[in-house]
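Here is a set of short exercises to work through with the structure open. Try each task before you read its solution.

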Amino acid sequence: MKITKENLSDIREEYEKAHRYIDEESKNDPPTEPFRSHYIARDVLNSALRKVKTLSEALDPQSDVATTVRCIHANILKDIAKITIFVEEPRGEELLKEALELIVNDHEKEPAINARIEILNQLGIIACNQSNIPESKQYLEQAKDVYFETKELEREPLTMADLFGTKEEVEKGKGLKLLESNHTLTLYYLAQVFGILGNLADSAQYCHMTLQRQLEYNEFEHIDWALNAVTLSQYYFPQNHLAQARHLLAASTFMLNRYETEVVEKLTNPTERAEKEETLRYRMADIGRCWAKYGLHILSTSKERLSMDDEPNEDGTSKPLLTPVRKVNRFRGLDLIAYEGQVTDEFCLTFDDAKLVMLNSLSWLNKAKEYYTKETEASQHAKILQDVASLYKHLAFFEEDDSNQCKLYKRSADQLEEIVEMLNVTYYQMICREAWYELGLTYSNMLNVKLGQLDDLQSTDRPTPHALIKINHLCERSIRNFKKFIESYAIELDKLEIPDTISEDEMKPILYAFFHIGRLYYRTITPDKRLKLKNTENSLFHYNRFVECCKDERMSGLFGQELGVCKEIITMTSPKISADKTTDSNAATPKHQQGGTGGNEASTDPSAADGAGGGSGVQAVVSATVQSIRERGFYGCFSWLKVFRFANLMIRQGC
């Protein structure tokens with residue numbers, strides 16, 4: 001039997017009618033009936049399917065005509081399956097497998113090629129959604145093999161419109177274009193599958209291939225393409241593929257600029273144009289934040305490189321140097337030199353290098369803040385401020401001048417202070433926690449700089465009262481923020497007992513906060529002996545809690561150096577606190593109560609007793625203070641002049 005136009009005209013009309021419902025009418029479906037057009041389309045396709053079955057029964061199964069009808073049958077089944085899956089009903093997978101079985105013997109024939117690839121792609125998606133990843137990968141790799149086999153053998157696949165027409169009516173090139181489009185989808189789905197499998201390198205490779213093919217065949221939406229490119233960059237720069245990451249960031253920015261000129265500026269409807277401009281601002285802000293993350297990575301990794309020690313590993317091998325990977329898989333046809341030239345793809349060695357990276361990132365974040373304002377997007381605005389604070393903090397590492405370094409830390413702290421002032425901790429607890437912890441670290445870093453200046457100063461001159469006040473002020477600010485961080489976990493400050501509900505990831509920064517607070521109390525400078533003793537006790541308390549909490553098996557091995565330092569400080573400090581308390585207690589005891597209660601003791605020579613007791617007490621104070629100076633340095637104790645003035649005062653008073 002020969003197929004004519006009349007044989008297939010009714011089937012073709014119904015097929016095209018069904019797709020009009022899917023592609024056009026469905027856009028107008030009411031919210032109460034979101035699938036109305038799809039249900040109608042499925043009914044129409046079922047009607048066409050019945051006619052195809054009737055037609056196929058009269059054909060020789062081995063004839064070319066029967067092959068064409070089977071391929072039409074398979075395509076209709078595939079579309080019914082897609083609708084069934086879309087409306088969230090069962091049997092979608094079953095229908096797809098039935099369609100694949102129909103053309104199992106025709107898979108190498110040109111009418112079946114595109115249908116087979118589309119069916120395999122859909123089965124791959126279903127298996128992936130069912131978390132059957134190996135099966136999904138198998139289907140998609142079969143689809144990929146069909147494509148390469150078709151290209152290698154130079155076959156001419158057909159479209160559905162070609163199947164309905166005669167050989168003379170076949171539209172040259174349409175089948176190949178559909179083949180390329182289907183293969184692009186195969187690569188896109190494979191990228192998702194490899195990502196789920198944890199094979200991120202292959203996933204990234206397939207993503208890049210998908211983006212390149214979309215460019216070549218002009219099958220892309222500007223916004224979606226830009227977002228996919230910028231998302232891919234977030235994989236590459238943590239791997240130190242800086243050139244590749246920069247190329248992707250540049251391509252995404254280039255595509256958004258094309259969107260503005262090719263789409264937004266051509267719109268005449270004010271409402272529609274305003275919507276597109278808003279979308280452009282939104283996505284440009286997101287891409288700007290990704291540029292900033294790229295810059296932050298360069299600064300932080302550069303800092304890590306410069307901080308690495310030159311000592312070899314325990315086995316004698318040298319430590320690998322962090323170096324940027326220079327390999328770049330470029331998009332053909334895109335001129336991105338102007339976009340890539342705005343920032344380096346190398347790590348920084350000097351302050352000038354780091355400053356250029358920092359300023360570029362800062363400019364992108366300032367643009368992002370114009371969209372993510374604190375009035376409309378408080379949480380995102382706060383995260384941008386966190387990134388700005390990090391930029392200043394990393395740049396401070398490269399600054400050699402102490403005064404300028406402190407200024408950079410101060411700018412970093414100002415951003416974080418703005419966050420905690422702006423946000424309600426009840427609703428933004430996580431962000432506030434991060435800000436408090438970073439504030440504690442930032443003020444502690446400023447303290448380190450000031451203490452270093454004080455060390456340099458004491459060799460030539462005495463520190464000014466203002467310098468000492470500044471140091472104590474930084475200690476107090478750092479302690480206050482660390483305590484706010486600890487309290488946010490419902491931990492009582494007078495006990496520092498960590499609840500069992502706190503996870504391992506949360507415990508680590510909490511213990512670091514204990515450690516830092518212990519150090520900060522130890523660094524506080526005061527001429528008041530009782531206050532100094534209180535600070536030392538507070539320091540010892542936090543160090544003890546740190547050591548105790550480190551006994552948790554979850555924390556074993558995480559705090560090796562810090563734990564050793566704490567144990568040593570506790571061993572050295574505990575006896576001194578006891579000695580200071582004893583000396584302080586003796587100093588506070590009235591003279592007439594110091595002679596004892598026994599009669600024989602009362603008859604002892606008072607002057608001898610006073611001399612011995614006084615000498616012993618003064619010696620204990622002086623020895624303890626000198627030892628404290630040796631342990632803690634000049635800035636942690638009285639000046640030498642105050643020590644001897646205090647000793648002379650005690651001698652004159654007969655203590």
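**Exercise 1. Find which helices are included in the cover over the buried residues of helix 16.**

Step 1. Among the elements that cover these buried residues are helix 14 (351-371), helix 15, helix 17 (429-458) and helix 18 (465-487). Helices are DSSP runs of H or I with at least four residues, numbered from the N terminus.

Step 2. This is a predicted model, in which local features need pLDDT of at least 70 and side-chain atom pairs count only at pLDDT 80 or more, while totals for chains, interfaces and linings use all residues. Residues are numbered from 1 along each chain as its sequence is written, and side-chain values use heavy atoms, with hydrogens and water left out.

Step 3. List the covered residues: Q405, C406, L408, Y409, S412, A413, Q415, L416, E417, I419 and V420 are the buried residues of helix 16. Buried means under 20% relative accessible area, exposed means over 50%, and partly exposed is in between (1.4 Å probe, protein chains only).

**Exercise 2. Check the span of helix 16 against its expected value, then do so for helix 15.**

Step 1. The expected span is 1.5 Å times one less than the number of residues.

Step 2. Helix 16 (residues 402-422) has 21 residues, and its first and last C-alpha atoms are 30 Å apart, close to the expected 30 Å.

Step 3. Helix 15 has 21 residues that should span 30 Å, and the 31 Å between its end C-alpha atoms agrees with this.

Step 4. Helix 15 is also mostly covered, since 16 of its 21 residues are buried. F397, in helix 15 (residues 378-398), is partly exposed at a relative accessible area of 30%.

**Exercise 3. Look at the start of helix 16 and say which backbone nitrogen a side-chain oxygen of D401 reaches.**

The partner is the backbone nitrogen of S403, and the side-chain oxygen of D401 comes to within 3.1 Å of it.

**Exercise 4. Sort the salt bridges E216 with R332, R258 with E262 and D414 with K410 by where their partners lie.**

Step 1. The rule asks for a side-chain nitrogen of Lys or Arg within 4 Å of a carboxyl oxygen of Asp or Glu. It gives a count of 31 salt bridges.

Step 2. E216 and R332 pair with an N to O distance of 2.1 Å. E216 belongs to helix 9 and R332 to the loop between helix 12 (270-307) and helix 13 (337-340), so this pair ties together parts that are 116 residues apart in sequence. E216 is partly exposed at 41% relative accessibility, whereas R332 is exposed at 55%.

Step 3. For R258 and E262, the closest N and O atoms are 2.9 Å apart. Both residues are in helix 11, four residues apart, or about one turn. E262 counts as partly exposed at 32% relative accessibility.

Step 4. D414 and K410 bring their closest N and O atoms to 2.8 Å. The two are separated by about one helical turn because they are four residues apart in helix 16. D414 is partly exposed at 34% relative accessibility, and K410 is partly exposed at 34%.

Step 5. A helix geometry reminder helps here: an α-helix has 3.6 residues a turn, so residues three or four places apart point the same way.

**Exercise 5. For N218 and N240, find the sign of phi and decide whether each residue is buried or exposed.**

Step 1. Most residues other than glycine have a negative phi.

Step 2. N218 has a positive phi, near 55°. N218 sits in the loop between helix 9 (200-216) and helix 10 (222-236), and is exposed with a relative accessible area of 58%.

Step 3. N240 has a positive phi too, near 65°. N240 sits in the loop between helix 10 and helix 11 (242-262), and counts as buried at 10% relative accessibility.

**Exercise 6. Describe the surroundings of S37.**

Step 1. S37 is part of helix 2 (residues 36-57) and is buried, with a relative accessible area of 3%.

Step 2. Apart from neighbours within four places in sequence, S37 is in contact (heavy atoms within 4.5 Å) with Y21, E25, S26 and D29.

Terms used. A polar contact is a pair of N or O atoms within 3.5 Å; within protein, one must be able to donate a hydrogen and the other to accept it, and residues adjacent in sequence count only if both atoms are side-chain atoms.
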